[in-house]
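Here is an informal tour of one protein model for someone who has not met it before. Have a look at the sequence and the structure, then read on.

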Amino acid sequence: MDAVIDFIQTHRDRYLEELKTFLAIPSVSALPEHAADMRRCAEWTADEMRRIGLENVRLIETPGNPVVYGDWLHAAGAPTALFYGHYDVQPVDPIGLWTSPPFEPAVRDGELYARGAEDDKGQVFMHFKALEAHLKQTGRLPINAKLIVEGEEEVGSVHLDDFIRQHRQELAADLVVISDTGMIDRNVPSLCYGLRGLVYFQIDLRGTKSDLHSGSFGGAVANPAFVLAQVLTQMKDRGGHVKIPGFYDDVRPLTEQERQEFKRLPFNETRYKKELGAPRLHGETGYSTLERVWGRPTFEVNGLVSGFTGEGAKTVIPALAMAKVSMRLVPNQDPDTIASLFEAYVKKVTPKTVALKVTRMHGGKPWMVELTNPYVQAAGTAIEKGFGKRPLFAREGGSIPVVSTFQEELGVPSLLFGIGLPDGNAHAPNEKLDLGNFYNGVIASVYLYEEIAKVGR
Ligand SMILES: [Zn+2]
């Protein structure tokens, strides 16, 4: 291993120059005028895969931008890891806020500034260099590797689910490694092992054919705005518990180990409250803020519309009231089950004085990998070796749809092995990659493959 690490130390400058070339390609998937750049970037990615010694490298066409595929499959008996990342980047607007042009990569104070530096070219490149170090120095990898680098992540990975389904056989692996996320902070390496899911609804209440004069009709009919408020207050109690019967039945309780992990994280509640501008924090009683955001489900009202909302006064009984509501779900809640429970409950608590319409919108399953999973442990050891510190184990309150897709289609655990930082400005002007984190990440990745090999299949 020493030789592999030495290889990395002596090639740092070359890495930087190569990464700059990758970043200089304006692969903005959202904008049609960059179609040629998308293709050029896919080809650059494929060429780089060949340069570092991967095999079977090719662009696999989709109805949108191609997926770049490469593999190395000569570690007989060792586990196979499927690596996922993306070569497309976010648009650069507002361009005026960039200190240096987004596609002219520049280093300032140990950070590399460019669109895509962190999300996700820098993190894809981290694995390229770790794979290269193994292959050039020893002629082999400790594991079998399959890489897919897609070009549509920033536009919702529209063709990825189909791609994974169609190539399920080819993509079969023992685990998935996704490097498209972040760590808690500089010098606080962490591993994310859980994400929340979602179900989203629109509720429409109709009271009458049209708005009514509140003097002539007030007292004769129900007011949908008022009924909607009453319905919504039935969803949660004052202690933040969701009142939908059966809502918590499948919630996997946080273990004592998880609660201890969360307590070790550098989280300052006073500063958090101040940053949000909230007079007080609020959530389900009996849980800390991080536990509520990461490990507990919620019910939220996302929007409300009814009646007269213009300037001045209008004496009206609105005909309609509408709310958008959603529930963030945690393992092992199932979006379909929760959707049915919600629909039944909202029907039950809505009086017959209004007509109710409930429309289900998008959603996704929650995800987590067990902390005791040996591959998670392997990733922890690799991070400790690369960053010099045992990582903390954290979850995230949001969703990453591709993670659930891998879970469902391939049925194997994913590692969210990300090196982004909270101030990395992903999706914003002056996106940057901390070069110290990057080089540590390359070393951690080199160890990751070793550690995965030790676990076996
Ligand atoms: Zn990304």
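A residue is called buried under 20% relative accessible area, exposed over 50%, and partly exposed in between, with a 1.4 Å probe and protein chains only. By that yardstick Asn187 is exposed, because its relative accessible area is 57%.

A word on the background. This is a predicted model, in which local features need pLDDT of at least 70 and side-chain atom pairs count only at pLDDT 80 or more, while totals for chains, interfaces and linings use all residues. Residues are numbered from 1 along each chain as its sequence is written, and side-chain values use heavy atoms, leaving out hydrogens and water.

**The whole chain**

The protein chain has 15 helices and 18 strands. Its radius of gyration is 25 Å, close to the 23 Å that the globule rule gives for 457 residues, so the chain is as compact as a globular protein of that length. Here the radius is taken over C-alpha atoms, and the rule is 2.2 Å times the number of residues to the power 0.38. Helices (H or I, at least four residues) and strands (E, at least two) are DSSP runs, numbered from the N terminus. Of the 457 residues, 54% count as buried.

**Around Arg395**

Arg395 sits in strand β16 (residues 392-396). Buried or exposed, which is Arg395? Arg395 counts as buried because its relative accessibility is 3%. Its side chain makes a polar contact of 2.8 Å with the side chain of Glu258 and another, of 3.4 Å, with that of Tyr193. A polar contact is a pair of N or O atoms within 3.5 Å; within protein, one must be able to donate a hydrogen and the other to accept it, and residues adjacent in sequence count only if both atoms are side-chain atoms. Setting aside neighbours within four places in sequence, Arg395 is in contact (heavy atoms within 4.5 Å) with residues including Cys192, Trp294, Pro331 and Met368.

**Cavities**

A cavity is a set of points on a 1 Å grid over the protein atoms alone where a 1.4 Å probe fits but cannot get out, and lining residues have an atom within 4 Å of a point. Points are joined across faces, edges and corners, and a volume is the space filled by probe spheres set on them. How many cavities of 30 Å³ or more does a search of the whole structure find? The search finds three. Here are two of them:

| Cavity | Space | Lining |
|---|---|---|
| Largest | About 70 Å³ | seven nonpolar, four polar, one charged |
| Second largest | About 40 Å³ | seven nonpolar, one polar, no charged |

Ala, Val, Leu, Ile, Met, Phe, Trp, Tyr, Cys and Pro count as nonpolar, Asp, Glu, Lys and Arg as charged, and the others, Gly among them, as polar. Asp120 and His127 are among the residues lining the largest cavity, where β3 (80-86), α4 (121-138) and β6 (144-150) each supply at least two lining residues. Cys192 and Tyr193 help line the second largest cavity.

**Backbone oddities**

Asp120, in the loop between β5 (111-113) and α4, is joined to Asp119 by a cis peptide bond with omega about 5 degrees. The bond from Pro331 to Asn332 is cis too, with omega near 0 degrees. Asn187, in the loop between β7 (175-178) and β8, has a positive phi of about 65 degrees although it is not a glycine.

Conventions. 1 Å grid on protein atoms, 1.4 Å probe; cavity = no way out; pocket = protein on both sides within 12 Å on 5 of 7 lines; lining within 4 Å.
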